[in-house]
Amino acid sequence: MATQPTVFPRFAVLDLNNGTGAAPNVVEPTAGKKDTGWNEGERPPRETFNWLHRITNDWIEWFDQELG
């Protein structure tokens, strides 16, 4: 049986501007990209990976609080 993790997957919790042209570090993907996902051979932008990690952590923390 698996054991309950003791930490959350906290990632990219701060809104920063970095990289080329001071781009935001977290960007929500478009509705179309959410519907289709990434294509074979496509290299997803770091900003959308950061968004995915952040929103995953937010939901896990919310469930943890609600289910206690």
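Modeller: A definition first: a nonpolar patch joins nonpolar side chains within 5 Å, from residues with over 30% relative accessible area and no salt bridge. The model we will discuss is predicted.

Biologist: How much accessible area does the nonpolar patch on the surface have together?

Modeller: Start with the members, which are W59, W62, F63 and L67. F63 has a relative accessible area of 41%, and a patch needs over 30%. W59 passes that cut-off too, with 46%. Together the four residues of the patch offer about 490 Å².

Biologist: What is the mean pLDDT of the chain?

Modeller: pLDDT is the predictor's confidence, from 0 to 100. In this chain, 100% of the residues reach 70 or more. The mean is 92.

Biologist: Among the elements of the chain, which has the highest mean pLDDT?

Modeller: Look at the bottom of the range first. Strand β1, residues 17-18, has the lowest mean, 88. The highest mean is 96, and it belongs to α1.

Biologist: On to the rings. How many aromatic pairs does a search of the whole structure find?

Modeller: A pair of rings is described by the distance of the centres and the angle of the planes. To pair, ring centres must lie within 6.5 Å. For the whole structure, the number of aromatic pairs is four.

Biologist: Are the rings of W38 and F49 stacked or edge-to-face?

Modeller: Their centres are 5.1 Å apart, and their planes meet at 25°. Planes under 30 degrees apart count as one class, and those over 60 as another. The angle of W38 and F49 falls under 30 degrees, so this pair is stacked.

Biologist: How many residues apart are W38 and F49?

Modeller: W38 sits in the loop between α1 (31-36) and α2 (46-67). F49 is in helix α2. The pair thus links distant parts of the chain, and its separation is eleven residues.

Biologist: Is W38 buried, exposed or partly exposed?

Modeller: Buried means under 20% relative accessible area, and exposed means over 50%. W38 has 35%. That value falls in between, so W38 is partly exposed.

Biologist: What is the relative accessibility of F49, the partner of W38?

Modeller: F49 belongs to the stacked pair with W38. F49 also counts as partly exposed. Its value is 32%.

Biologist: Are the rings of W59 and F63 stacked, tilted or edge-to-face?

Modeller: Their centres lie 5.7 Å apart, with planes at 35°. That angle is neither under 30 degrees nor over 60. So the pair of W59 and F63 is tilted.

Biologist: Where do W59 and F63 both lie?

Modeller: The two are four residues apart. That is about one turn of the helix. The helix that holds both W59 and F63 is α2.

Biologist: Which residue forms one aromatic cluster with W59 and F63?

Modeller: W59 and F63 already form a tilted pair. The cluster has one further member, which is also in the nonpolar patch. That residue is W62.

Biologist: Now charges. Which residue forms a salt bridge with D15?

Modeller: The structure holds four salt bridges. In this one, the closest N and O atoms are 2.9 Å apart. D15 lies in the segment before β1, and its partner is 39 residues away in helix α2. The partner is R54.

Biologist: Is R54 buried or exposed?

Modeller: D15, at the other end of the bridge, counts as exposed at 62%. R54 has a relative accessible area of 16%. The cut-off is under 20%, so R54 is buried.

Biologist: How far apart are the closest N and O atoms of K34 and E28?

Modeller: K34 is partly exposed at 43%. E28 is partly exposed at 48%. These two form a salt bridge, with the closest N and O atoms at a distance of 2.3 Å.

Biologist: Which residue forms a salt bridge with E47?

Modeller: E47 is buried, with 17% relative accessible area. Its partner counts as partly exposed at 35%. The closest N and O atoms are 3.6 Å apart, and the partner is R46.

Biologist: The backbone oxygen of which residue lies 2.9 Å from a polar side-chain atom of T48?

Modeller: T48 lies in helix α2. It is buried, with a relative accessible area of 10%. The backbone oxygen by its side chain comes from P45.

Biologist: Where does A22 lie?

Modeller: A22 has a positive phi near 55°, though it is a residue other than glycine. A22 is partly exposed at 44%. Its place is the loop between β1 and β2 (23-24).

Methods. Residues are numbered from 1 along each chain as its sequence is written. This is a predicted model: local features need pLDDT of at least 70, side-chain atom pairs count only at pLDDT 80 or more; totals for chains, interfaces and linings use all residues. Side-chain values use heavy atoms; hydrogens and water are left out. Rings of Phe, Tyr and Trp (its six-membered ring) pair if their centres lie within 6.5 Å; planes under 30 degrees apart count as stacked, over 60 as edge-to-face and the rest as tilted. Buried means under 20% relative accessible area, exposed over 50%, partly exposed in between (1.4 Å probe, protein chains only). Patches are made of residues with over 30% relative accessible area and no salt bridge: like charges are joined within 9 Å, nonpolar side chains (Val, Leu, Ile, Met, Phe, Trp, Tyr) within 5 Å. Accessible areas come from the Shrake-Rupley method with a 1.4 Å probe; for residues, only the protein chains shown count as cover. A salt bridge is a side-chain nitrogen of Lys or Arg within 4 Å of a carboxyl oxygen of Asp or Glu. A polar contact is a pair of N or O atoms within 3.5 Å; within protein, one must be able to donate a hydrogen and the other to accept it, and residues adjacent in sequence count only if both atoms are side-chain atoms.
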